[in-house]
Amino acid sequence: MAAIAWVSPLVAQESSQQAPGNSLPKQLDLSSLPGALVEDIFVPVPSEIFGVLDKLGDPDWRGELPEEGYGTYPDRTRLALVFGLAVADGFLAVEAEDREAIKRIGREILRLATAIGIQSAVTPHVQSILEASNRADWGAILQELDRTQATVRETMEEMRDDDLARCVSIGGWLRGTQVASSLISDSYSQDKAELLSQPDIVRHFSGTILHMDPSIQENETMVVLSVGLGKIGKIMAASGDVIGADDVAEIHELCSNLLDSVRSAKPGKEKP
Amino acid sequence: MKRPPVHRRLASVLLALMIAGGGGALAILDEAHSFAMEAAARHVPKGFTVREDYWNGELKAGEKKIIRHQLFKGNEYWFWLGSSADGAWPSLSIYDLDGRPVEVERFQELHMAAARVLPPRTGSYLIMLTVDSKESEIVDWALAYGFR
């Protein structure tokens with residue numbers, strides 16, 4: 001009875017409170033924002049774009065799957081970029097509903113994580129992904145891939161490797177954009193092309209590179225990436241709402257060249 | 001969905017504080033996320049994928065925060081805002097870059113609020129949030145989102 005007497009006033013108080021309603025402005029004056037901007041930027045996962053492409057057509061997801069593994073790399077910067085690329089391929093494999101590809105990519109994700117030194121954080125996620133692939137539980141795999149990215153980011157931040165966490169994001173976004181632009185080019189429409197309108201994301205990546213530790217910023221691959229991202233960002237910003245077929249093709253070529261630079265034994269020169 | 005009685009939520013906060021020890025503040029921020037997830041639970045069965053990433057922090061009651069985020073036309077989004085502060089009434093609105101609100105549905109309850117968006121175009125949007133409370137000066141908040 002004492003417990004009920006203790007609880008009752010709180011419950012009564014809660015149920016008697018009226019919603020104050022939405023106190024936020026009906027129209028926002030962007031020249032004079034009434035609140036502080038939160039600095040954290042979250043990069044969308046590839047499935048946010050891939051899902052829309054699925055709704056707008058019948059993309060050849062299997063045609064975009066990688067045919068080989070991800071190689072080995074002498075430095076952690078490139079390892080982190082390729083790790084992000086591999087996770088993006090995981091999202092792609094789910095769209096293709098290719099269980100063998102998911103298993104192959106899952107094992108590669110674990111191999112790359114081991115090379116980076118985050119194996120213990122990633123192993124449970126890869127195990128879940130492999131188990132879910134046996135059940136063809138695509139939703140569970142997508143969720144687990146997102147969790148993998150979040151765990152990797154948290155782990156790297158705990159290891160004071162924030163810059164490498166950002167490299168994972170950059171690698172993943174480049175690969176997702178490469179795939180999306182390829183599929184859009186195959187069957188162009190303005191609605192699909194609009195999905196590439198992400199100048200803020202590119203600006204965010206360019207900004208993070210500028211604030212990276214000089215040892216990473218001056219990495220040859222990062223220098224190439226910085227220039228390439230600048231070009232991609234300009235196309236996206238200039239295109240506005242309507243990204244033409246030529247611009248889509250150019251974005252695809254830039255992403256492909258940048259990823260080739262990341263994966264080649266020696267960082268490649270930027271192609272004209 | 002039935003919300004757990006008040007005394008159970010208080011007990012879970014106290015337990016979280018005991019477990020967290022020196023990380024007590026962190027436990028309270030996670031409780032805000034729990035309320036956001038409670039709001040999200042209504043929509044997950046309808047096919048919404050909840051992102052692992054979420055924003056969180058503290059603010060003065062009534063203070064506004066703005067988040068800039070990329071949305072894609074063709075997706076449907078829900079944003080869920082939670083706060084565990086006593087008497088917390090969160091609210092949020094989503095605006096395009098012309099300052100026009102774009103949410104098509106909203107709800108607000110004690111400790112949680114949510115808004116649904118069908119972006120009219122792909123691009124950046126501004127999410128404004130606040131938490132009103134007559135009982136707490138400083139309030140925690142957590143904002144998560146899902147899409148389908």
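Modeller: Let's start with a term we will need: a cavity is a set of grid points where a 1.4 Å probe fits but cannot get out, and its lining residues have an atom within 4 Å of a point. What we are looking at is a predicted model.

Colleague: Thanks! Which residues line the second largest cavity?

Modeller: They are A:G90, A:I102, A:I105, A:G106, A:I109, A:I129, A:I141 and A:L145. Each of them has an atom within 4 Å of a cavity point, so each counts as lining. Helices α4 (99-116) and α6 of chain A each supply at least two of the lining residues, and α4(A) gives the most, with four.

Colleague: What makes up this lining by class: how many nonpolar, polar and charged residues?

Modeller: Six are nonpolar, two are polar and none is charged. Glycine counts as polar, so A:G90 and A:G106 go with the polar residues.

Colleague: How many cavities of 30 Å³ or more does a search of the whole structure find?

Modeller: Two. The second largest has a volume of about 30 Å³, and the largest has about 40 Å³. Residues of both chains line the largest cavity, among them A:V45, A:F91, A:D146, B:T49, B:R51 and B:F147. The elements giving two or more residues there are α6 of chain A and β1 (49-50) of chain B. Helix α6(A) has the largest share, three residues.

Colleague: And what is the volume of the largest pocket?

Modeller: About 1000 Å³. A pocket is an open set of points, whereas the probe cannot get out of a cavity, so the two get separate names. The pocket has 38 lining residues, with A:I41, A:F42, A:R153, A:E157 and B:D53 nearest its centre. Helix α7(A) gives the most to the lining, ten residues. By class, the lining holds 16 nonpolar, ten polar and twelve charged residues.

Colleague: Why is the pair B:Y77 and B:F79 called stacked?

Modeller: Rings pair if their centres lie within 6.5 Å, and planes under 30 degrees apart count as stacked. The B:Y77 and B:F79 rings are 6.4 Å apart centre to centre, with 20° between the planes. Both values meet the cut-offs, so the pair is stacked. The count over all chains comes to nine aromatic pairs. B:Y77 and B:F79 also belong to one aromatic cluster with A:F42, B:W55, B:Y145 and B:F147.

Colleague: How do you know whether B:Y77 is buried or exposed?

Modeller: Its relative accessible area is 0%. Buried means under 20%, so B:Y77 is buried. B:F79, at 0% relative accessibility, is buried too.

Colleague: Which residues have the most contacts inside the largest nonpolar core?

Modeller: They are A:F83, A:W173, A:L174, B:F79, B:L92, B:W141 and B:L143, in a core of 103 residues. Helix α3 (residues 76-96) of chain A contributes the largest share of this core, 13 residues. Apart from it lies another core, of twelve residues, including B:F35, B:F48, B:W78 and B:A114.

Colleague: What does A:L174 touch, leaving out residues up to four places away in sequence?

Modeller: A:L174 touches A:L225, A:L229, A:I232, A:C255, A:L258 and A:L259. Contact means heavy atoms within 4.5 Å, so each of these residues has a heavy atom within that distance of A:L174.

Terms used:
Residues numbered from 1 in each chain as written. Chains lettered and ligands numbered in written order. Predicted model: local features only at pLDDT ≥ 70, side-chain atom pairs only at ≥ 80, totals over all residues. Heavy atoms only, no water. 1 Å grid on protein atoms, 1.4 Å probe; cavity = no way out; pocket = protein on both sides within 12 Å on 5 of 7 lines; lining within 4 Å. Points joined across faces, edges and corners; volume = space filled by probe spheres on them. Core = buried A, V, L, I, M, F, W, Y, C linked by side-chain atoms within 4.5 Å. Buried < 20%, exposed > 50% of the residue type's maximum accessible area, 1.4 Å probe, protein only. Phe/Tyr/Trp six-rings, centres within 6.5 Å; stacked < 30°, edge-to-face > 60°.
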